[in-house]
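Visitor: Please take one part of this model and go through it closely. I would like to see how the strands there are matched to one another.

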Amino acid sequence: MEGSMLLSEVPLGQSCQVVESRLLRLLDLGFCEESQVVPLYTCPWGGTRLYHVKQTRIALRDSDAAQIQVKAVK
């Protein structure tokens with residue numbers, strides 16, 4: 001998709017919008033189409049990031065975040 005990237009590639013603090021999620025269990029966590037997501041924190045040991053989505057904070061492995069297509073929000 002033009003102009004889209006993986007959630008795992010979004011810089012910290014950059015707001016983005018979900019375009020597509022390939023894992024159904026992530027839909028239950030709030031990562032559904034058009035949801036606003038902000039990466040907040042990268043764990044010191046790597047491999048996991050904290051995201052703000054739908055008025056909550058959720059930690060996802062980078063491998064799971066790589067299954068979510070997003071686009072930047074200005």
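Guide: A place to begin is Thr42, whose bridge partner in β4 is Arg49. The model is predicted, so local features need pLDDT of at least 70 and side-chain atom pairs count only at pLDDT 80 or more, while totals for chains, interfaces and linings use all residues. Residues are numbered from 1 along each chain as its sequence is written, and side-chain values use heavy atoms, with hydrogens and water left out.

Strands here are DSSP runs of E of at least two residues, numbered from the N terminus, and two of them pair if DSSP finds at least two bridges between them. By that rule β3 (residues 36–42) and β4 (residues 48–53) are antiparallel partners over 5 bridges. Val38 is matched with His52 of β4. The two strands make a hairpin with 5 residues between them, and in its turn Gly46 has a positive phi of about 85°.

On to the next pairing: β4 also runs antiparallel to β5 (residues 56–61), over 6 bridges. Arg49, the bridge partner of Thr42, stands opposite Leu60 in β5. This hairpin has 2 residues between its strands, and Lys54 in the turn has a positive phi of about 50°.

Both hairpins can be placed in the wider sheet. It is open, has 6 strands in the order β1-β6-β2-β3-β4-β5, and its pairing is antiparallel. Its edge strands are β1 (4–6) and β5, each of which pairs on one side only. Neighbouring strands of this sheet are turned by 45° against each other on average, direction ignored; axes are lines fitted to C-alpha atoms, and angles run from 0 to 180 degrees between N-to-C directions.

Technical notes: Helices (H or I, at least four residues) and strands (E, at least two) are DSSP runs, numbered from the N terminus.
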